[in-house]
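Colleague: Please take a close look at how the helices pack in this model, together with the loops next to them. A plain account will do.

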Amino acid sequence: RHCGYAHPFKQLPLFIVTGASGSGKSAACLQLAPLLLECVVLEVDLLWRPESFRADTNYRDFRNLCLRVAKNIGQSGRPVVLSGTASPDQYETCPERLYFSGTHYLALVCDDSAIQQRLKDRPPWRASSDLDKIAEHIMFNRWIKANASQTVPPMTLLDTSSATIQTTAGQIAGWVRRHLTTA
């Protein structure tokens, strides 16, 4: 702003697909990319590093990194869909949030028994079958169901208890497109 150089900047909406582990986020988002060519679908776990695990800061550095990557991808003209476990307050308080025209949250939820079974069915290397971890994810799933309408911005809920991965991916694509047409 001081030298007079003007740099065009695209401010696009950001879509965040969240939910507890076992709710279907990763599986659905793998199917989502070819259904939603107008967006870039990004699983945030690929950016996760051990030093990102900072609950004392509400994972702020990690969330800010995810937003920075999404902001830069968005300069190609394609909005980004981020997939990963998070709550809106973890993104909305980040400095990088201001680079988006809006954020939209879709929370995948399911029955407790579905989360338990899905986590138990994962391969052993994922270390998902620990009963304490399963209980933690069930509690987060319940928290989302109870609080989705009160978060800022509110989260839309999508129950994946009995839906196929393909159906869930199609529903996510429809949700994104509805928001794109109103943006």
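Modeller: The account below goes through two helix pairs, then the loops.

The model is predicted: local features need pLDDT of at least 70 and side-chain atom pairs pLDDT 80 or more, while totals for chains, interfaces and linings use all residues. Residues are numbered from 1 along each chain as its sequence is written, and side-chain values use heavy atoms, without hydrogens or water.

Helices and strands are DSSP runs (H or I, at least four residues; E, at least two), numbered from the N terminus. Helix H1 spans residues 25-32 and helix H6 residues 165-182; their axes come within 8 Å and cross at roughly 70° (axes are fitted to C-alpha atoms, for helices over the stretch in contact; angles run from 0 to 180 degrees between N-to-C directions). The crossing of H1 and H6 is right-handed (near helix clockwise from the far one by less than a right angle). From H1, the contact (heavy atoms within 4.5 Å) takes in Ala27, Ala28, Gln31 and Leu32. H6 supplies Ile165, Gln166, Thr168, Ala169, Ile172 and Ala173. By class, seven of the residues in the contact of H1 with H6 are nonpolar, three are polar and none is charged (nonpolar: Ala, Val, Leu, Ile, Met, Phe, Trp, Tyr, Cys, Pro; charged: Asp, Glu, Lys, Arg; polar: the others).

Which residues of H1 are buried? They are Lys25, Ala28, Cys29 and Leu32 (buried is under 20% relative accessible area, exposed over 50%, partly exposed in between; 1.4 Å probe, protein chains only). These residues cover an arc of only 100° around the axis, so they sit on the same side of H1 (the arc is that of the directions from axis to C-beta atoms). The buried residues of H1 pack against H6 and against four strands: S1 (13-19), S2 (40-43), S3 (80-83) and S4 (102-109).

The second pair is H4 and H5, with axes that come within 10 Å and cross at roughly 140°. The crossing of H4 and H5 is right-handed as well. On the H4 side, Asp112, Ile115, Gln116, Leu119 and Lys120 make the contact; on the H5 side, Leu131, Ile134, His137, Ile138, Asn141 and Arg142 do. The contact of H4 with H5 has five nonpolar, three polar and three charged residues.

Asn141 lies in H5. With a relative accessible area of 0%, Asn141 is buried. Residues up to four places away in sequence aside, Asn141 touches Ala20, Leu108, Val109, Cys110, Asp112 and Ile115.

Ser129 is in the loop between H4 (112-121) and H5 (131-147). Its relative accessibility of 44% counts as partly exposed. Beyond neighbours within four places in sequence, Ser129 is in contact with Leu119, Lys120 and Ile134. The C-alpha atom of Ser129 is 22 Å from that of Leu46, 83 residues away along the chain.

The backbone has some features to check. Most residues other than glycine have a negative phi, and most peptide bonds are trans. Val152 and Pro153 are joined by a cis peptide bond with omega about -10°. Pro153 belongs to the loop between H5 and strand S5 (155-159). Asn58, not a glycine, has a positive phi of about 60°, and Tyr59 likewise has a positive phi of about 60° without being a glycine. Asn58 sits in the loop between S2 and helix H2 (60-74), and Tyr59 is also found between S2 and H2. At 29% relative accessible area Asn58 is partly exposed, whereas Tyr59, at 17%, counts as buried.
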